[in-house]
Amino acid sequence: MKILVTGGAGYIGSHAVVELHQAGFQPIIVDNFSNSEESVLAGIEGILGTAVPTHRIDCADEAALRQVFAAEPDIVGVIHFAAFKAVGESVAKPLAYFQNNVGSLLTLLKVMPEFGVENLVFSSSCTVYGIPDALPVTEATPTKPASSPYGRTKQMCEEIVHDVSAAPDNKLRTILLRYFNPIGAHASARIGELPLGVPNNLVPYITQTAAGIREKLTINGSDYDTPDGTNVRDYIHVVDLAKAHVVAVQRLLDRKATDTVETFNVGTGHGNSVLEVVQAFEQASGQKLNYSIGPRRPGDVPAIYADATKAAEVLGFKTETSLLDSLASSWKWQQTLADKK
Ligand SMILES: NC(=O)c1ccc[n+]([C@@H]2O[C@H](COP(=O)([O-])OP(=O)(O)OC[C@H]3O[C@@H](n4cnc5c(N)ncnc54)[C@H](O)[C@@H]3O)[C@@H](O)[C@H]2O)c1
Ligand SMILES: O=c1ccn([C@@H]2O[C@H](COP(=O)(O)OP(=O)(O)O[C@H]3O[C@H](CO)[C@H](O)[C@H](O)[C@H]3O)[C@@H](O)[C@H]2O)c(=O)[nH]1
């Protein structure tokens, strides 16, 4: 069964493509390579032993997307990863974020019914919760104003899906997956995260520091109201996250969804502080990390982690990889990247 994977050459999408294939689906990648490299396709092929059909188009290009659906008959569902994701960049280039993130979803929602495709899994984010009043956050926790245009695109996309699904002639069924913080790489170290330039995210910054590419990690504040003063996040291994997509697609295809739109947190259910991540990395890699404490980063949520009960009870989804193993896979991937250079 064919599943269209927009953004399938990206960090999370590439791991989802692998898991989908290994679960017996035929993933079809759509990507414009705006934030990924062609080498990812070789990595996927290396793992699967076969190439995955790939269409190099912009998902917001209606005519091009239509051609993909026409060229790939019998697509039964779509997983929509394609989006811009850099929080800071979204402040500098809000229009580009609304155009790409909202625009690509709108195009998809327009074209899917033309080809009778009714099943959608959408990449949302825990950023929709803003700064929550209580932890952990459940799917019923009210969303708060987003701290960036990026976050707002995710909130808007969720609302668009709800509105489209409420139309009288609607046939669309959607699972909104709210990811917490994906980290790590495939065990084969053939695919992983490929940050362009200086990484914004914690774990690639850590691995690049340990590899000598960056001089030191600056921890963004240690005066938060958290156990050790540093921010708390829910770090989920990217392969675990990828597997959640397989389960979600299967649920839609089995017609088990109880609502036209279902929402799930996808996290481990545990919060770890930045300092805990640094210490776990040192343990997992055997490397001492050069770091210092710096000022707070504007817009950072002090602490957030998932209540993962709904995904466990309804989807039967549970994460399998520990923080230590996740960080070990990040380190292995970083070393593979260094070997390639
Ligand atoms: N990585 C995270 O921390 C995180 C957390 C929560 C949610 N998400 C969401 O998950 C999704 C995937 O994130 P990721 O980390 O894999 O990002 P990524 O940038 O690695 O992957 C996105 C992929 O989509 C492609 N793309 C972007 N716009 C496109 C377009 N208009 N047409 C075709 N291809 C396009 C990019 O080239 C890239 O390969 C995104 O929607 C992101 O917002 C990510
Ligand atoms: O050099 C760094 C980088 C990060 N951090 C800290 O590490 C934690 C994690 O930061 P990330 O940037 O890796 O992750 P965020 O939680 O800030 O944001 C990520 O997860 C969000 C959802 O929680 C959004 O989806 C967003 O797109 C994605 O970048 C934060 O406390 C951050 O301040 C540092 O201390 N130093």
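## A buried residue in helix α1

In this predicted model, E19 counts as buried because it has 20 C-beta neighbours inside 10 Å, and 20 is the number at which a residue begins to be called buried. The residue sits in helix α1, and, once its neighbours within four places in sequence are left aside, E19 is in contact with V239, A242, K243 and V246.

A residue of quite another part of the chain gives a sense of distance: E19 and D225 are 206 residues apart in sequence, and their C-alpha atoms are 38 Å apart in space.

## Two domains

The protein is divided into domain 1, made of residues 2-184 + 236-266, and domain 2, made of residues 202-233 + 270-305 + 321-340. Taken over C-alpha atoms, the centres of domain 1 and domain 2 are separated by 26 Å. Where the two meet, 17 residues of domain 1 are in contact with 12 residues of domain 2. On the side of domain 1 that touches domain 2, β7 and α8 each supply at least two residues, and the residues of that side divide into 11 nonpolar, 5 polar and 1 charged.

A record can be set beside this division: the unreviewed UniProt entry carries the annotation "domain: NAD(P)-binding" for residues 4-324. Over residues 4-324 the chain is 38% helix and 17% strand, with end C-alpha atoms 33 Å apart.

## The largest nonpolar core

In soluble globular proteins, nonpolar side chains tend to be buried together. Here the largest nonpolar core has 89 residues, of which V5, L177 and V266 touch the most other members. Helix α8, residues 238-253, gives the most to this core, with 9 residues, and the core draws at least three residues from each of domain 1 and domain 2.

V266 shows what such contacts look like for a single residue: not counting residues up to four places away in sequence, V266 touches L177, R178, Y179, F180, I236, L241, A244 and A311.

## The surroundings of ligand 1

There are 28 residues around ligand 1, and G7, G10, S36, A83 and S125 come nearest. Several elements supply at least two residues each to the shell around ligand 1, namely α1 (11-22), α5 (94-114), β5 (119-125) and β7 (181-183). The largest share, 3 residues, comes from α1, the helix that also holds E19. By class, this shell has 12 nonpolar, 13 polar and 3 charged residues.

## The surroundings of ligand 2

Ligand 2 lies between domain 1 and domain 2, because both domains give residues to the shell around it. Of the 20 residues around ligand 2, those that come nearest are S125, N201, L202, N220 and N231; S125 is also among the residues that come nearest to ligand 1.

Both α7 and β8 supply at least two residues of the shell around ligand 2, and the largest share, 4 residues, comes from β8. By class, the shell around ligand 2 has 8 nonpolar, 8 polar and 4 charged residues.

## An enclosed helix

Helix α7, residues 202-210, is largely enclosed by the rest of the structure, because 7 of its 9 residues are buried. The buried residues of α7 are L202, V203, P204, I206, T207, T209 and A210, and they pack against β7, β8 (217-220), α9 (274-285) and α11 (323-340). After α7 comes G212, whose phi is positive, near 85°.

Methods: Residues numbered from 1 in each chain as written. Chains lettered and ligands numbered in written order. Predicted model: local features only at pLDDT ≥ 70, side-chain atom pairs only at ≥ 80, totals over all residues. UniProt positions renumbered as here; feature names shortened; annotations may be inferred. Near = placed C-beta within 6 Å. Nonpolar A, V, L, I, M, F, W, Y, C, P; charged D, E, K, R; others polar. Core = buried A, V, L, I, M, F, W, Y, C linked by C-beta atoms within 7 Å. Buried ≥ 20, exposed ≤ 12 C-beta atoms within 10 Å, placed from the backbone. Domains from an automatic or database assignment. Contact = placed C-beta atoms within 7 Å.
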